[in-house]
Each structure stands twice: as structure tokens, then as C-alpha cells.
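I opened the notebook to look at how some helices pack and what lines one of the pockets. Here is what I am working from.

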Amino acid sequence: MQRLDVAVLGGGVAGLTAAYVLRDRELEVFDTASHVGGRTRSLQQPDGIWLNTGAQYVSTDRIKVVELADAVGARLITDDNLEEYWRGLYPPDPDERSEIESVIERITSEQMHRRPATLPELDDQPFDHWLGDVSPSTHRFYDRWCQIMNSGSSVEISLYGALWLWGDQRSTPWIDKPVPRHDRGDCVFDGGTNEFTKALARASGGRVSLRSRVRSVRSTDGGHTIDVEDDRGGRQVWARHVVSAVPAPVVAEVVDELPGWKRQALGAVRYGRFMTTNIVVSPKGAKTSGYPLTASRSDVVYNLDTFVIKTGTLLELYRQKPQFRDRVVRVEVQRWLHGMPLYSVGRMKTYDQLAEPVGGIFFCGDYTWASNMEGAALSGERAAAQVQRASA
């Protein structure tokens, strides 16, 4: 049986950050996917353009992500289009915009009033309820914003979650104190977000086993025996310490003998529905293309397979941007089984228990910190520090 000092379950940002910090140890990273990086997956185009199918950009409050990127040689480039994108979500009607902006003032006022996250007024109150008596268009605007930022509706997300999501900082719900920022401006990774996680994997020694599904983790012989299923069949690995960087439901499924308080905390984590659709169009003036659509009838229920999703997306594109009708050359759909951890109503009651170690198992992932790359990276660093303290 292979023996390790550390086994890392999950090769996303959190797991790879932990592996990078612990790179001097005898370790291995296990991930079910065929690509490294979890929800940072990117697809490369022949012309050098990349398609991000998950994490998209690095805002100015992503201090840890930028620090890691510099350390492992992942290149960041400035993107000046983000502000224009957000402004494009606002309705053209001035009265509707005015009401939306008045709600922003209310949100900002709440963010200035720091208080415990578990207060019922914050954790138990749906954001949509807090919005109160506003117009349907304002409710729709903030519901769409919640869907974009956290893959959940304004009814699912708590007021506390909305405070965490709003503004040009999402590393904290509060703005009563200055938020630390890097000096690069809003940026993206050159070549796609996946270049960041690939660089992390290389800097960790490349010890990542893909298409390796962890079936169980159980305490044995002063450490943990891990049952792994991969292309060669089944194998067992013993590790002194385990860093669990997989989604909360997977933790509850594969880790044996979790105490009740930990299972309860993991069970309270809900994931939003997360799917991306990338559309590639040819340059203006290039040879026209006829991307195929599928026929459908309004009185028939269809399974939402990829072809139907592509058709619906393209029809909406053609409605909004008819000039692209004959220029579509590629459509890519990515569904994530576990999308973004929701800042759902009631989540904060057991939030602090999510990162608590159990024996020699240490937990990280965006669900244990903040639902973004920065939260994932910080949680991976924290788990690695816990391993180091346990080994001292």
C-alpha cells in the first residue's frame, strides 16, 4: 500500500493551494475529473482565444489569488470590460434605474453596519423579502444579479449573503473598514483561468492523479486509508493527514465516521445551479456559417440535452444580436454538478463548523470560506497551516 504524509482530495483551487503550501511533503492530489483545476476549466481555441467554462475573472479584492499567481508564474492581464458589463445589466428606463440605485444605497448602509452573521435579520431573512415594496422590474434585476453572482435566486439567498455579494468587494460583507486590494485592476488570466490552476499543479510537483475517484476515507493505523478507483481499477493509499477539498455533499459521502455536528454543517450547504454556454463567432466579413438548430414544439416536453440548450442560447443571441446569425462557429456547454455554494437562508448558523478538523482530516473549499476563487485559495492555505501545526 502506498504511504503518504498528506492526501489531498480534490484538485480545484482549494486543494491545489493546499498542495502548493505543503509541496515539501510526500503528498498526492486525487480528482475525479479528467482535467486539473475544478471549476476553473478553460478550453483553447486554434486562434489563441480561450473559453472559460467556470471561474472568469480576478477582481481587485482577490489578494491571495494574485499572490499565488505571481508565485507560480500565472500571467494576469487587465480587463477593462467588467464595469461596462455590470452597467449593461441596468434597465434603460430612468425611473427603473433610479429605484435600483435607491436599493443600492440601502445595501451600502447595511454593509456599513457590521454585526454578527447569525442574527435573524441577516441570516434568516431572504434578500427578496428585504427588498420589500419595490417594482417587479427591480425584483427581477436583483434576482438576475443573484443568479449571476451566486447561481441562486433572491428568494434563496439571505440578506447576509447579498451583502457579501454586492459591490466591488466580495471578500467580506462589510465596508466599514478599508478592503485590501491589489494594484492590477480587474483582470483575467492569460490563456484562461485554468492556466492558474495548471501552474499551481506544476509548482506542487505535478502530483495530481486525475480520473481518480475517492470512494471512502476511514481512520486506520494512526492515519487514514483511502480507497481510490481509477483507470487501473481500485487501489488503497494510506495517509497520515487528509486535506478534503471536495464539495460538501461529497465529503459527507466518502468520509466515514464523521461526527453528527460535522454532518449537520455539511448538510446545510446548498449548491446553486451552474451552467456556462460559450459562443464563438467568426470575424466580420468571414465566410458565413450555418450552425444547426433543433426543431421544437411548444406542446412537447423535451429533455434538456446539450443540443436543446445550445439552440435556446443561440435563439436568444440572434434576438439580441441579429448580426451574428450567420457567424456562429462553435458553442460549448458546461454543466457543473456542484456549482457555487449558495449564501442561502440559515447557512451561517453552522458556518464556523465547516472548517473544523476531524481527527487528521482538514477541510477546505469555497464552501468553508467565501463562494469564489479567493475564498477557495484562502481556505486551502488555512487547511495547509492546520496540517503543519498538527505535524509540529
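Is the crossing of H2 and H9 left-handed or right-handed? I looked it up, and H2 crosses H9 in the left-handed sense. A note to myself before going on: this is a predicted model.

**Entry: H2 and H9**

I took H2 as residues 63-72 and H9 as residues 194-203. Their axes come within 9 Å and cross at roughly 55°. The pair is therefore oblique. I then went through the residues that touch. From H2 I noted Val65, Leu68, Ala69 and Val72, and across from them in H9 sit Phe196, Ala199, Leu200 and Ala203. Sorted by class, this contact has eight nonpolar residues, with no polar and no charged ones.

**Entry: H2 and H13**

I stayed on H2 and checked its packing against H13, residues 373-391. Here the axes are 8 Å apart and the angle is about 70°. Angles of 65 to 115 degrees count as roughly perpendicular, so I wrote H2 down as roughly perpendicular to H13. The crossing is left-handed. On the H2 side I listed Ile63, Lys64, Val65, Glu67 and Leu68; on the H13 side, Met373, Glu374, Ala377, Leu378 and Glu381. The class count for this contact is six nonpolar, no polar and four charged. Val65 and Leu68 caught my eye, since I had them down in the contact with H9 and they turn up again in the one with H13.

**Entry: H4 and H7**

Next I pulled up H4, residues 94-111, against H7. Their axes are 9 Å apart, at an angle of about 55°. That makes the two oblique. What is the handedness of the crossing as H4 passes H7? I got right-handed for that one. H4 brings Glu96, Glu99, Ile100, Val103, Ile104 and Ile107 to the contact, and they meet Ser137, Thr138, Phe141 and Tyr142 of H7. I sorted these residues into six nonpolar, two polar and two charged.

**Entry: the second largest pocket**

I moved on to empty space and picked the second largest pocket, which holds about 420 Å³. How many residues line the second largest pocket? I have 20 in the lining, and those nearest the centre are Glu83, Trp86, Gly167, Asp168 and Arg170. Two helices each supply at least two lining residues: H3 (82-87) and H7 (136-150). Which helix gives the most to the lining? I found that to be H3, with four residues. By class I have the lining down as eleven nonpolar, three polar and six charged residues.

**Entry: cross-check**

I went back over H7, as I had met it twice. It packs against H4 through residues that include Phe141 and Tyr142, and it also supplies at least two residues of the pocket lining.

Definitions and conventions:
Residues are numbered from 1 along each chain as its sequence is written. This is a predicted model: local features need pLDDT of at least 70, side-chain atom pairs count only at pLDDT 80 or more; totals for chains, interfaces and linings use all residues. Side-chain values use heavy atoms; hydrogens and water are left out. Axes are lines fitted to C-alpha atoms, for helices over the stretch in contact, and angles run from 0 to 180 degrees between N-to-C directions. Angles under 35 degrees count as roughly parallel, over 145 as roughly antiparallel, 65 to 115 as roughly perpendicular and the rest as oblique. A crossing is left-handed if the near helix is turned anticlockwise from the far one by less than a right angle, and right-handed if clockwise. Contact means heavy atoms within 4.5 Å. Ala, Val, Leu, Ile, Met, Phe, Trp, Tyr, Cys and Pro count as nonpolar, Asp, Glu, Lys and Arg as charged, and the others, Gly among them, as polar. On a 1 Å grid over the protein atoms alone, a cavity is a set of points where a 1.4 Å probe fits but cannot get out, and a pocket is an open set with protein on both sides within 12 Å along at least five of seven lines; lining residues have an atom within 4 Å of a point. Grid points are joined across faces, edges and corners, and a volume is the space filled by probe spheres set on the points.
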